[in-house]
Amino acid sequence: MSSKGSKLAYWDEAVEHLKANDRILNKIITQYEGEYFPATNQGVFTTLARSLISVQSSEARANQVWRNLVKLCGQGPTIQCISSRSLEQLMAVGIAKRKAGNLIDLANHFEARTVNPKKWSKMSDQEVINELCQIRGIGAWTAQMFLIFNLHRPNVLPLEDAKLLKAVSKHYFSDEPVSRFEVRELADNWQPWQTVATWYMWRSLVDGAAA
C-alpha cells in the first residue's frame with residue numbers, strides 16, 4: 001500500500017468528493033491522509049502475461065516462472081516471443097500446461113488485434129472488460145484489476161473482490177455478511193470515483209483500522 005510514485009491526476013478531486021458524501025469514508029480517508037496508489041506505466045501485454053502466470057500461484061513460484069520466461073525470450077516477454085513458442089517450449093520453463101495455453105491465446109489475440117489497446121481510450125470500462133475476457137484465463141476480476149492499476153480508470157467497482165466485500169461488511173454492516181447488490185447500492189454514493197473508494201476500503205484492512 002505504498003504511495004511511492006506520482007499521484008493520479010484525479011485523486012485529490014475524488015478524495016474531496018468522497019469525504020463530502022460518505023461520513024464513514026471521510027473517517028477512513030482522514031486516517032490515511034496523503035496516501036494513494038501511484039500511477040504506473042507498465043506495458044499492457046507484459047502486465048496481462050504476468051497476471052496469467054500469477055493466478056493461483058504463490059508469489060515465489062510466479063516470480064521464478066516469470067524469470068524463466070524472461071530468460072527464454074531474452075528480454076521482457078513479447079507478443080512475438082510467446083506466439084512463436086509451442087506449448088511444450090513454454091511448459092519446459094515451468095509454466096503449467098493450462099497457463100501456457102492461456103499465454104499463447106493472449107499473444108494470438110494481440111496479434112489478431114481482437115484485443116487492441118489503441119482503441120481502449122474510446123471504450124467504456126465494460127467494453128474493455130468484455131474485450132479482455134475473450135482471453136482464456138482472464139475473468140471479470142482480473143480485467144477490473146487491470147482497469148484500476150494499469151489503465152487507471154476512476155470509477156471501477158470490483159464486486160467479485162473478496163477484500164472489498166470484507167471491508168464494506170466491516171465498516172458499514174457491523175461485520176454482517178453483505179451481498180453484491182448491497183455493495184453496489186452503497187457505492188452509488190461513491191460515483192464517479194468508485195476506484196478511489198475501493199482503494200481506501202482495501203487500505204483500511206491492512207492494519208485493521210476501524211472507521
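**Notes on a predicted model**

1. The largest pocket in this structure holds about 780 Å³ of space, and the reader should keep in mind from the outset that the model is a predicted one. The pocket is lined by 22 residues, and those that lie nearest its centre are Trp141, Met145, Phe146, Phe149 and Trp202. Sorted by class, the lining consists of 12 nonpolar, 7 polar and 3 charged residues. Three helices, α3 (44-54), α9 (140-149) and α12 (194-206), each contribute at least two residues to this lining.

2. One of those helices, α3, can also be described through its buried residues, which are Val44, Phe45, Thr47, Leu48, Ala49, Leu52 and Ile53. The elements that cover these buried residues include α4 (59-73), α5 (79-83), α7 (97-112), α8 (125-132) and α9. After α3 comes glutamine 56, which has a positive phi, near 55°.

3. The largest nonpolar core has 69 residues, and the members that touch the most others in it are Leu132, Trp190 and Tyr200. As general background, nonpolar side chains in soluble globular proteins tend to be buried together. For tryptophan 190, once its neighbours within four places in sequence are set aside, the residues in contact are His17, Leu18, Asp22, Leu25, Leu157, Leu164, Val168, Tyr172, Ala197 and Met201.

4. The cysteines deserve a separate point, and the count of disulfides in the model comes to 1. This disulfide is formed by cysteine 73 and cysteine 81, whose sulfur atoms are 1.9 Å apart. The torsion about the S-S bond of cysteine 73 and cysteine 81 is about -80°, and the disulfide is therefore left-handed. Cysteine 73 has a relative accessibility of 15% and so counts as buried, and cysteine 81, at 7% relative accessibility, also counts as buried. Cysteine 133, by contrast, is partly exposed, with a relative accessible area of 31%.

5. Proline 154 sits in the loop between α9 and α10 (162-172), where its relative accessibility of 26% makes it count as partly exposed. Although proline 154 and leucine 8 are 146 residues apart along the chain, their C-alpha atoms are separated by 9.4 Å. If residues up to four places away in sequence are not counted, proline 154 touches Tyr10, Pro192, Trp193, Gln194, Thr195 and Val196.

6. One of the residues touched by proline 154 is Pro192, and this second proline is found in the loop between α11 (180-187) and α12. The peptide bond that joins glutamine 191 and proline 192 is cis, with omega about 5°, and a reader going through the backbone may wish to look at it there.

7. Two loop residues have a positive phi without being glycine, and they are taken here in turn. Arginine 113, with phi near 60°, has its place in the loop between α7 and α8, and at 60% relative accessibility it counts as exposed. Histidine 152, with a positive phi of about 60°, lies in the loop between α9 and α10. Is histidine 152 buried or exposed? At 14% relative accessibility, histidine 152 counts as buried, since the cut-off for that term is under 20%.

Methods. Residues numbered from 1 in each chain as written. Predicted model: local features only at pLDDT ≥ 70, side-chain atom pairs only at ≥ 80, totals over all residues. Heavy atoms only, no water. 1 Å grid on protein atoms, 1.4 Å probe; cavity = no way out; pocket = protein on both sides within 12 Å on 5 of 7 lines; lining within 4 Å. Points joined across faces, edges and corners; volume = space filled by probe spheres on them. Helix = DSSP H or I, 4+ residues; strand = E, 2+ residues; numbered from the N terminus. Nonpolar A, V, L, I, M, F, W, Y, C, P; charged D, E, K, R; others polar. Core = buried A, V, L, I, M, F, W, Y, C linked by side-chain atoms within 4.5 Å. Buried < 20%, exposed > 50% of the residue type's maximum accessible area, 1.4 Å probe, protein only. Contact = heavy atoms within 4.5 Å. Disulfide = S-S within 2.5 Å.
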